[in-house]
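Biologist: I have a structure to go through and would like some help. Can we take it one piece at a time?

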Amino acid sequence: MRYLTRRVLVLLLTGWAALTINFVLPRLMPGNPAEVMLARFQGRLSPRALAALTVEFGVHTHQSLLAQYVAYWGHMLTGNFGLSLTYYPASVAQMVAQAFPWTLGLVGISTLIAFILGTGIGIAAAWRHGSRLDGVLLPVSLLLNSMPYFWFALLMLYLFGFVLGWFPVGGGLNLAHQAGGWAGLGAIISHAILPAATITITAAGGWVLTMRNNMVAILGEDFVKFARAKGLPDRVVEFRYAARNAILPNFTGFAMAIGFVVGGALLTEIVFSYPGLGYLLYEAVLNLDYPLMQAIFLFISLAVLVANFLADLAYILLDPRVRAVGRS
Amino acid sequence: MSLLLEIAGLTVGYGAGPTAVLAVQDVDLAVHTGEVVGIAGESGCGKSTLALAATGLLDPPGRVLQGGVRYAGQDLLRLPPAALRHVRLRQIAMVFQASMNVLNPVLRIRDQFLDAMQAHGITSRREAVERTQAVFELVKVPARFLDAYPHQLSGGMRQRTVIALSLVLEPRLIFMDEPTTALDVVVQRAILQSVNDLRVQRDFAVVFITHDLSLLIEIADRIAIMYAGYLVEEASGPELYQQPLHPYTQALMQAFPPLGAVRSRLQGIPGQPPDLRQLPPGCPFAARCGKVRQGTCDTVRPAMTIVTPGHRVACHLYPVSTEGGKQA
Amino acid sequence: MTLRAFLTNRRAMAGAGILVFFALLAGLAPLIAPYSPTNINFPPMLGPSAAHLLGTTANGQDVLSQLIWGSRDTLIVGLVTATLISGIQLIVGIFGGYVGGWIDEVLSMLTNIFLVMPGLPLMIIVAAYVTVKGTVPIIFVITVTGWAWGARVLRSQTLTLRSQAFVEAAQLSGESRWRIVLTHIVPNMAGILVANFFGAALYAVLSEAGLEFLGLGNVNTVTWGTMLYWAENDEALLMGLWQWMVLPGVCIALLGTAFGLLNFAVDEVVNPRLRRT
């Protein structure tokens with residue numbers, strides 16, 4: 001299982017890199033920006049919290065870098081991400097834990113829908129490639145793929161929120177869903193439809209493009225022609241023979257795609273004031289709340305890592321060649 | 001022996017309009033029950049295109065521009081897709097070149113057999129498995145390979161598997177396009193031997209396509225020679241061996257001396273086949289022909305002539321008989 | 001042959017057409033734009049009129065002039081970033097793939113790490129730490145996060161090429177590594193390089209817009225991204241100033257589509273299997 005070992009190694013190394021970036025960044029910048037932040041919050045934080053922050057960001061500390069790094073790892077492994085400066089006295093961990101499920105739900109569901117939708121359309125376009133459908137779909141997907149997520153989100157919000165009034169214009173979700181029961185669930189769904197639609201529509205374009213190209217390439221393979229020579233029905237050739245193979249590269253390309261979608265989703269959350277990590281990150285950036293920023297970055301990275309790892313596992317399950325020999 | 005498949009005036013082009021490249025031009029060929037018809041020629045002469053067009057497997061931009069293919073009284077090329085699908089494999093099977101990619105890389109061999117049988121109405125899994133095991137035995141592949149994936153098979157095994165698949169529904173005609181080219185001579189021999197044994201047992205006809213004329217002389221009842229999209233000579237195997245008429249056939253014979261023959265110096269054919277996009281007006285072989293007659297060969301395209309019964313050739317060296325040359 | 005295929009490719013020509021249009025806009029901005037984009041002396045929040053074809057912003061700037069001038073920074077960031085990214089990809093992908101050994105191991109591990117690291121969050125926190133706002137940090141941030149995918153593609157292509165006869169022949173005839181890379185490997189990957197370049201440009205333009213929209217660029221420069229930042233801040237849509245919000249986004253999407261079309265078309269020309277039939 002050389003393939004799997006390599007993936008695990010990448011997973012661990014990337015996790016380490018994400019954590020280390022958080023450690024290095026503030027120390028790398030000329031005139032450590034965290035110092036400015038700390039100065040601003042002087043007096044508003046307890047001395048203990050301040051002391052912890054000095055270690056985390058390497059401000060006014062006489063410890064060696066190595067000792068700081070070790071202490072930093074100690075904090076990370078025990079889940080001690082420090083206090084949020086914006087939401088003081090709430091801890092960063094609390095804030096992230098509160099926001100994370102929202103993002104997971106929104107991004108998870110819309111990515112899944114976008115993947116299925118985009119892949120399906122890509123298959124259909126490739127199967128009829130050269131047709132008018134294919135000719136129209138391609139530039140449309142390119143355009144969708146080239147739209148800034150947040151801008152599209154703004155237009156959706158304006159049109160369906162303000163002008164037509166079909167959906168709530170954002171905010172207030174935390175209160176609404178606390179109503180609980182069906183009303184709460186309804187509030188969650190009605191708040192999520194627009195952001196989810198935005199992410200789905202803009203992300204699907206990318207999947208259409210990659211799937212279409214993979215599939216067109218696969219349709220030229222001998223085994224597709226041979227499948228037709230066997231007299232298999234079109235549906236079987238299209239899905240079981242062509243699409244089943246064409247979808248494989250999508251799993252190795254998943255890393256880039258999911259990173260891109262998550263980025264877009266963060267911006268979408270901001271536009272809709274959706275109470276997820278993206279919105280929290282925005283607040284943190286506005287308030288120069290570095291501890292919160294770092295924890296969010298870490299969390300998003302880990303989530304993306306896990307998503308990638310799952311995609312790798314799916315790939316292993318779907319491609320017998322990788323299972324047997326292992327590829328790098 | 002009755003007429004099984006009749007190709008009449010078949011012309012196949014890639015692309016459309018005046019820029020179309022004609023890969024097969026006005027080819028007549030008949031296949032009778034139980035016989036082995038060989039088609040020989042250099043790569044690019046149109047022999048593979050002929051086979052694909054004759055079975056309706058041509059992919060765009062390839063198109064049949066003229067002529068027709070009759071099988072058991074039906075016009076194959078005008079058959080509705082559903083009907084054509086039922087002819088495939090059950091009536092006419094196709095064996096492609098022994099490349100990596102004829103079998104679907106992500107499906108077990110067993111499933112690729114089951115797919116084929118299910119498509120032709122064999123819904124009982126037990127019957128399907130029994131049939132599969134039977135043909136595996138015929139082509140001498142151990143039944144345990146049923147559970148394997150294509151990449152786990154050697155080239156020879158894979159080719160045998162593909163041949164087994166073509167036999168599983170006991171078709172009356174099998175097209176074999178370079179079925180053993182990628183294999184070493186020993187494996188090639190063994191496979192050809194089993195194909196021949198099977199043919200005697202099951203009484204199906206074979207159209208065997210190869211660049212290796214000497215191989216055809218050993219196995220084929222009748223041989224057709226193609227050059228630059230044209231059929232230039234056709235005769236029974238022994239007749240062609242003893243009396244090749246067309247200078248191109250003679251040259252091919254030099255290039256591939258029969259296996260048993262005394263190995264004189266191998267002679268390649270000097271020059272290149274003409275560019276199909278701009279065929280010269282006369283005989284397509286004129287530029288490479290040692291017996292070219294200026295003023296005739298380079299200006300007038302030779303018509304098919306029946307020289308002796310069952311032996312016809314398209315060459316100016318043999319004057320046109322009264323009959324137009326269509327084979328009886 | 002390849003060039004002709006490119007020139008007759010409808011998608012390539014559409015993409016090139018859009019790109020040329022924006023390039024002209026950027027190059028001739030001083031001549032075309034009716035006003036200075038930073039002039040704030042007009043009445044704010046005007047609708048479209050003869051004097052201001054696209055109206056004015058909430059700060060009293062001319063939207064059309066901003067849109068025209070905005071193409072400059074957007075294009076510059078897109079093209080410069082794409083060049084830098086291509087450079088890194090070339091070094092990491094081609095060199096690593098060709099040299100092999102531990103250098104390649106390290107480089108491809110690095111590539112894999114950057115590939116999985118989500119780009120925008122990383123950009124956001126890096127940009128948040130950078131105290132000097134402006135175009136240069138933005139280019140830097142996008143470059144650092146955007147090179148991995150292309151590097152991986154180039155590396156696997158290099159591995160394929162490395163084992164081919166003409167490269168082995170060059171090795172046997174004693175040509176130096178760099179010479180082989182430059183004269184045999186790079187020219188054979190020109191198509192992929194060009195396609196990757198346009199892919200990177202698309203990534204850069206979108207990322208720039210995102211960062212500037214968050215106010216992580218210099219909000220006082222005029223780009224399509226900062227226009228959107230101000231339009232959002234001043235609630236342009238609610239004020240009925242739709243053109244202020246819609247058009248910069250349309251321009252970004254069009255420029256992105258142009259890069260996407262070119263990326264796609266080059267891919268199509270280089271990889272005959274994808275060609276239209």
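Modeller: Let's start with two of the chains. In this predicted model, 62 residues of chain A are in contact with 50 residues of chain C.

Biologist: How much area do chain A and chain C bury between them?
Modeller: About 5,100 Å², and 76% of it is on carbon and sulfur atoms. On the side of chain A, Ser146(A), Phe150(A) and Trp151(A) supply 11% of the area buried against chain C, more than any other three residues.

Biologist: And how many salt bridges are there across that interface?
Modeller: The rule finds zero between chain A and chain C. For polar contacts, it finds six residue pairs across this interface, both residues of each pair at pLDDT 80 or more.

Biologist: Which elements of chain A give two or more residues to the side that touches chain C?
Modeller: They include α1 (2–28), α6 (132–146), α7 (149–163) and α9 (181–219) of chain A. Further along, α13 (254–272), α14 (277–286) and α15 (290–318) of chain A do so too. α1(A) gives the most, with twelve residues.

Biologist: What kinds of residues make up that side of chain A?
Modeller: The division is 42 nonpolar, 16 polar and four charged.

Biologist: Now chain A by itself. How many helices and strands?
Modeller: Chain A has 16 helices and zero strands. Its C-alpha atoms fill a box of roughly 80 × 55 × 40 Å along the principal axes. Of its 328 residues, 54% count as buried. Among contacts in chain A between residues at least 6 apart in sequence, 74% join residues at least 24 apart.

Biologist: What is the mean pLDDT of chain A?
Modeller: The mean is 83, and 93% of the residues of chain A reach 70 or more. Among the elements of chain A, helix α11 (residues 234–246) has the highest mean pLDDT, 94, and helix α8 (residues 173–177) the lowest, 58.

Biologist: Why should I care about a low value?
Modeller: Because predicted coordinates should not be read in detail where pLDDT is low.

Biologist: Back to salt bridges. How many are there in the whole structure?
Modeller: The search finds 20 over all chains. One of them joins the side chains of Glu42(B) and Arg288(B), at 3.1 Å from N to O. This pair links distant parts of the chain, 246 residues apart. Glu42(B) is in the loop between β3 (36–40) and α1 (47–54) of chain B, and Arg288(B) is in the loop between α9 (247–255) and β11 (305–308) of chain B.

Biologist: Is Arg288(B) buried or exposed?
Modeller: Arg288(B) is buried, because its relative accessible area is 11% and the cut-off for buried is under 20%.

Biologist: What about a salt bridge inside one helix?
Modeller: Arg126(B) and Glu130(B) form one, with the closest N and O atoms 3.4 Å apart. Both lie in helix α4 (residues 125–138) of chain B, four residues apart, which is about one turn of the helix. Arg126(B) is exposed, at 64% relative accessible area, whereas Glu130(B) counts as partly exposed at 43%.

Biologist: And where are Arg189(B) and Glu218(B)?
Modeller: Arg189(B) is in helix α6 (residues 185–202) of chain B and Glu218(B) in helix α7 (residues 213–219) of chain B, 29 residues apart. Their side chains meet in a salt bridge of 3.3 Å, N to O. Arg189(B) is partly exposed at 35%, and Glu218(B) is partly exposed at 41%.

Biologist: Which residues are linked in a network of salt bridges?
Modeller: Glu35(B), Arg222(B), Glu234(B) and Arg312(B) are linked in that way.

Key: Residues are numbered from 1 along each chain as its sequence is written. Chains are lettered from A and ligands numbered from 1 in the order in which they are written. Side-chain values use heavy atoms; hydrogens and water are left out. Contact means heavy atoms within 4.5 Å. Buried area is the accessible area (1.4 Å probe) that two parts lose on being put together, summed over both. A salt bridge is a side-chain nitrogen of Lys or Arg within 4 Å of a carboxyl oxygen of Asp or Glu. A polar contact is a pair of N or O atoms within 3.5 Å; within protein, one must be able to donate a hydrogen and the other to accept it, and residues adjacent in sequence count only if both atoms are side-chain atoms. Ala, Val, Leu, Ile, Met, Phe, Trp, Tyr, Cys and Pro count as nonpolar, Asp, Glu, Lys and Arg as charged, and the others, Gly among them, as polar. pLDDT is the predictor's confidence in each residue, from 0 to 100. Buried means under 20% relative accessible area, exposed over 50%, partly exposed in between (1.4 Å probe, protein chains only).
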